[in-house]
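Open the model in your viewer and keep the sequence panel beside it, since each stop on this tour asks you to select a few residues and then to look at what surrounds them.

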Amino acid sequence: MTSTPMTSTATTPVFTPSRTVPPARVPSPSGARLGNASALACRECGATYQLGAQHACSECFGPLEVRYDLPPISRELIEAGPRNIWRYASLLPVPPEVAATPNTEPGCTPLVRADNLARVLGMRCLWVKDERPNPTHSFKDRVVAVALAAAVELGYRVLACPSTGNLANAVAAAAARAGIKSVVLVPANLEPQKILASAVYGCFLVKVDGGYDDVNRLASELADEHEDWAFVNVNVRPYYAEGSKTIGYEIAEDLGWRLPRQIVVPVASGAQLVKIDKAFGELASLGLVPDADVRVYGAQASGCAPVAAAFAAGDDVVQPVRPDTIAKSLAIGNPADGPYVLDVVRRTGGWVADAPDDEIVDSIRLLAATEGIFGETAVGVTLAVLRRLLAAGQLDPAAETVIINSGDGLKTLDAVAGALPLAAPIRPRLAEFARLRAGVNHDAGSAIA
Amino acid sequence: MSVPVRIPTVLRTFTGGAAEVTVEPGTLSEVIAGLDAAYPGIAARILDDAGKLRRFINVYVGDTDVRLADGLQTQVPPGTSVSVIPAVAGG
């Protein structure tokens, strides 16, 4: 193992690369048991590779994707599984005994029927796939759990990632649960909640001056130097990304084994949207749901909307941007799956749109006030874009629609703090309460008037 | 003074396993041509048939993504590092 000094701030405990855990170099794929996964294939040129620790095509740099040889899979088999993502293990690149291996157990999050919100928006049927109940309160627990299972099977003994926060939380927690070390790299200006919620698990946390794209670059270079570290979204990416399919499986199962007509997904790198679409396609091809056309919509913040811009321009290449938005979990200016988001959205008849920060905050509040769901900024983006699409006639208000709430608003409190003026304290007197309620002291009374 | 170029693992078969090589400064296009002269075939892995950067490759000159600068015409001054990196998923 080479050791490149990390030039950033570390929290305790100081991470020391382990020399006690074999093996070191990238493991051989020959012994890997990854369920029904059969190969890695390049999404660009189609070149195929053995299952192993490779994420980019040697021929064209295209991203590699897991291929499967799937046996017949029944609804009953899935329904008999555990109440977490491992009920879909036969559709994931994980060992058969994954459910009994130390890992987090994300998934089976609620699909909430949002009738109050639908009424406000003039929609017939709206659902919120609410990812807050996952172990570290975002959908990232799904992808990390799959990445961890695959990485351990491939022989890695360190879990790592560059992150906008949620992924760092998930990696640090999963590694702790599995009893292995973790290294997480985050932008130094990240929300304090997300930094602390990673550090608490005892990871080696590195704050990097710059944005997520800068962190990503450093992680990619580190992955080349530390080939026995599993950077979940870099060198283990083909396996990691498959975890997002479980959102799509669950939506279908929760709807009684059928698909919605429309779905709106936040777009950062774009992998979640692409994998949800893949999941819907797999379920249909396996005969587990009736074949149905689902229009897939992507949502970005106006301060970081390279995919929306490419969509509007009719391009199939995504031009990077420098992000400037409160939606930090979506602030990826150079989205790796952007071209595939365009493919999916255009194929399904959807749209990619963006919304500005003030509408993002307003939408976070609207979801909270109508459905009791306090989502993070990404859902503010998703709902704000949904409202724009409705206003523009680009999304059908009469068609059953699902939106994704990918994380917890408690991690991004700063985003709403300025929009929620709170009344000054009162003394414990009935008269003061009455004055407050009457609006003498501004806004606080209006909520209960 | 030459410029150091960081080579990703997937391209190190061209450089005999070297993680970093040096070439002469110039535009990025000239740097890639210099790479290809020293390590024949490597340019075809970085550029597509039209001679553009492949869409899943990120190239940095110093700290700047060249797509946010002048692309292949981005100047690479002497001593400034060049990094070639496959695209990465979200975080």
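Begin with a pair of strands in chain A of this predicted model: select strand 5 (residues 111-113) and strand 6 of chain A, which pair in the antiparallel sense over three bridges. Within this pairing, A:Arg113 has A:Trp127 of strand 6 as its bridge partner. Now add strand 14 (residues 401-405) of chain A, which pairs with strand 6 of chain A in the parallel sense over five bridges, and find A:Asn405 in strand 14, which stands opposite A:Asp130.

Stay with strand 6 (residues 126-130) of chain A and show its side chains. In a regular strand the side chains alternate between the two faces of the sheet. Here A:Leu126, A:Val128 and A:Asp130 point one way while A:Trp127 and A:Lys129 point the other way, and all of them are buried.

Next, move to chain B and select helix 1 (residues 28-38), whose buried residues are B:Leu28, B:Val31, B:Ile32 and B:Leu35. If you look down the axis of helix 1 of chain B, these buried residues fall within an arc of 95 degrees, so they line one face of the helix. An α-helix has 3.6 residues a turn, so residues three or four places apart point the same way.

The following stop is the second largest pocket, which holds about 430 Å³ of space. Select A:Gly211, A:Tyr212, A:Asp213, A:Asp214 and A:Pro323, which are the closest to its centre of the 24 residues in the lining. Two elements each give two or more residues to this lining, namely helix 6 (212-225) of chain A and strand 5 (64-65) of chain B, and helix 6 of chain A gives the most, with three residues. If you colour the lining by class, you will find nine nonpolar, eight polar and seven charged residues.

Finally, turn to the salt bridges, of which the whole structure has 31 over all chains. Select A:Glu376 and A:Lys194, whose closest N and O atoms are 3.3 Å apart. A:Glu376 lies in the loop between helix 12 and helix 13 of chain A and A:Lys194 lies in helix 5 of chain A, so the pair ties together parts that are 182 residues apart in sequence. Are these two residues buried or exposed? Both A:Glu376 and A:Lys194 are buried.

For a last selection, show A:Lys278 and A:Glu242, whose side chains meet in a salt bridge at 2.9 Å, N to O. A:Lys278 belongs to helix 9 and A:Glu242 to helix 7 of chain A, so this pair ties together parts that are 36 residues apart in sequence.

Conventions: Residues numbered from 1 in each chain as written. Chains lettered and ligands numbered in written order. Predicted model: local features only at pLDDT ≥ 70, side-chain atom pairs only at ≥ 80, totals over all residues. Heavy atoms only, no water. Buried < 20%, exposed > 50% of the residue type's maximum accessible area, 1.4 Å probe, protein only. Helix = DSSP H or I, 4+ residues; strand = E, 2+ residues; numbered from the N terminus. Arc of directions from axis to C-beta. Pairing = 2+ DSSP bridges. 1 Å grid on protein atoms, 1.4 Å probe; cavity = no way out; pocket = protein on both sides within 12 Å on 5 of 7 lines; lining within 4 Å. Points joined across faces, edges and corners; volume = space filled by probe spheres on them. Nonpolar A, V, L, I, M, F, W, Y, C, P; charged D, E, K, R; others polar. Salt bridge = Lys/Arg side-chain N within 4 Å of Asp/Glu carboxyl O.
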